[in-house]
Amino acid sequence: MKSKGQAHIMEYFILSFFVMVVIVLLIIFITTYQIGSSRSEQSDAQFQKTMFMLKTFSSSPLLNKLAYKEGSMLEDSKLTALSSIPCSEAEGAFGQGWFAEVKVIGNTVECTRDTYPNCGIWSFCRKSGNFKAYDVPVNIYRKTTGRVDAGMLTVGYYG
Amino acid sequence: MISVLEIFKIIFGIVFSVFVIVLIFRFSSNYMEMGDSNAQANIMLGFRKTVGDVFASGIPADYAIKDSKNLIIKYMPPQIHTSIAAVSMEPVTTIFVPGDRIGVHRMEYDLGWWKYYYILALPETTFFFNPLNNSEETWSEIYRVVKALPSSENIETKMYFGLGCNATSDQWVVNNLKKEEMLRFEKTMSVYLEKDNFMPTLCGSFNKEWKTIVVSPKFVETEHPLMFTLVNGTGMLYLNTSQPEKAHFYKTPMDVISAILGGKEFYNYENRDFLAQLSLASSLKMEEIGLFMHRPGGADCLPLFEEFRTTLESLKGLASQDYNDPMKMGELAIKMEESRQRFLDLQVRGCE
């Protein structure tokens, strides 16, 4: 009689144990899923931060052709001017930790005061280190010839 | 007679059930909180995306922030502090007043050779101007400020404008006007004045919800912010006339708008950002001039380029000065106007 009672109690403990195991597994599964989705949201937030910078940079009046109102039209002389000044000065307007690069498709000459206007690559605030960057196609207005070239704008954040 | 085993079953069942229920309840409430936080984070990220889109396109947009009073603790530019995290609006200069429905507008301050873009994100607002005299300076100051405020013609979040009061009737002259109507009214105001119908006076009462600005050529004590006009579109702005020592100097309509909407904090933010960008714009323009001024065939333009560059150099120097210094900022206002004129000269002569 006593051992039958003990067996019943053991049954209850084992049943409870399995119920607990199922609950814990369920919690682990949901938590893992939540961590995964919060990581993806973090990466989404990083993406949005970079896209925000990309939009700001590409439509900044500091770099766009004057009086151009339909979208963005980067001007080569303004890009050359920005690439010639210290990065710290540009960071005063665009914030910290970013970099950008504009490339005219098919042109490999870095733009400086000396190579302008026969050049097609402009780099801003480029440093070494890990980064996440995105790029978009842009129009580049050649001030000396009045031509419009196709190019790629890359904007990223370090860290 | 209940056996020991049955007593055990009852006690064990109760304890275990309570344990499981508490566990599931705690976990699900945490899970729901996380879901709410995600939804709130998405609202704020969506707001930043809208600001970015408006900044890039220049097309105003409406944005709904559900339960904004609970979600947004405070906007301390450039960070929006929410109940879950802070969202930075950097690098876009954003003057933001929280509300459940926001109109997002890209505004600009145009110097001819450079435009300063900034975002005004406001709920439905009425701007009410109370001039205390009939002078041309007063009207042009009001006109400049109204022009720098957003038009809500193509969006649902409306901006309204009002003007008052008239001593003969003690009533508002106009109210609930749209921006375009207000500007038109001001332009045709001279006809109204000629008939001697308008005797400006301080309104007896205002709606507390309105953003009211009293405009006067001399200092007077009022319960509302006072624009005390000086010269060249500059002046002093008293947010609290009982503390005249805490006045702010204004050199652009943006200074007035930022201070009226967010006090000293917004005024400081807008000035810091505007001067930093003005300094950078001046550096870039000087570099750009350097690329072109010595090109063959540009001899006629050389003196004009030199003059423009000298103005930009002064502008850059003044942009690094204290924006609370009326003397320096007065000089800056003059140099900004000078730079506009010099650039216009370059364009007229075909050098730009």
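Colleague: In β9(B), which residue is the bridge partner of B:T126?

Modeller: B:Y160 is the bridge partner of B:T126 in β9(B). Mind that this is a predicted model: local features need pLDDT of at least 70, side-chain atom pairs count only at pLDDT 80 or more, and totals for chains, interfaces and linings use all residues. Residues are numbered from 1 along each chain as its sequence is written, with chains lettered from A and ligands numbered from 1 in the order in which they are written.

Colleague: What makes β8(B) and β9(B) a pair?

Modeller: Pairing takes at least two bridges found by DSSP between two strands. β8 (residues 125-131) of chain B and β9 (residues 159-163) of chain B have 5, in the parallel sense, so they pair. Strands here are DSSP E runs of at least two residues, and helices are H or I runs of at least four, numbered from the N terminus.

Colleague: Why is β8(B) called mostly covered?

Modeller: 6 of its 7 residues are buried, the label for 20 or more other C-beta atoms within 10 Å of a residue's own (exposed is 12 or fewer, partly exposed in between; C-beta atoms are placed from the backbone).

Colleague: And why are α6(B) and α7(B) called roughly antiparallel?

Modeller: They pack at about 155°, axes 9 Å apart. Over 145 degrees is roughly antiparallel (under 35 is roughly parallel, 65 to 115 roughly perpendicular, the rest oblique), so α6(B) is roughly antiparallel to α7(B). B:L275 of α6(B) and B:F305 of α7(B) are among the residues making the contact (C-beta atoms, placed from the backbone, within 7 Å).

Methods: Axes fitted to C-alpha atoms, helices over the stretch in contact; angles between N-to-C directions. Contact = placed C-beta atoms within 7 Å.
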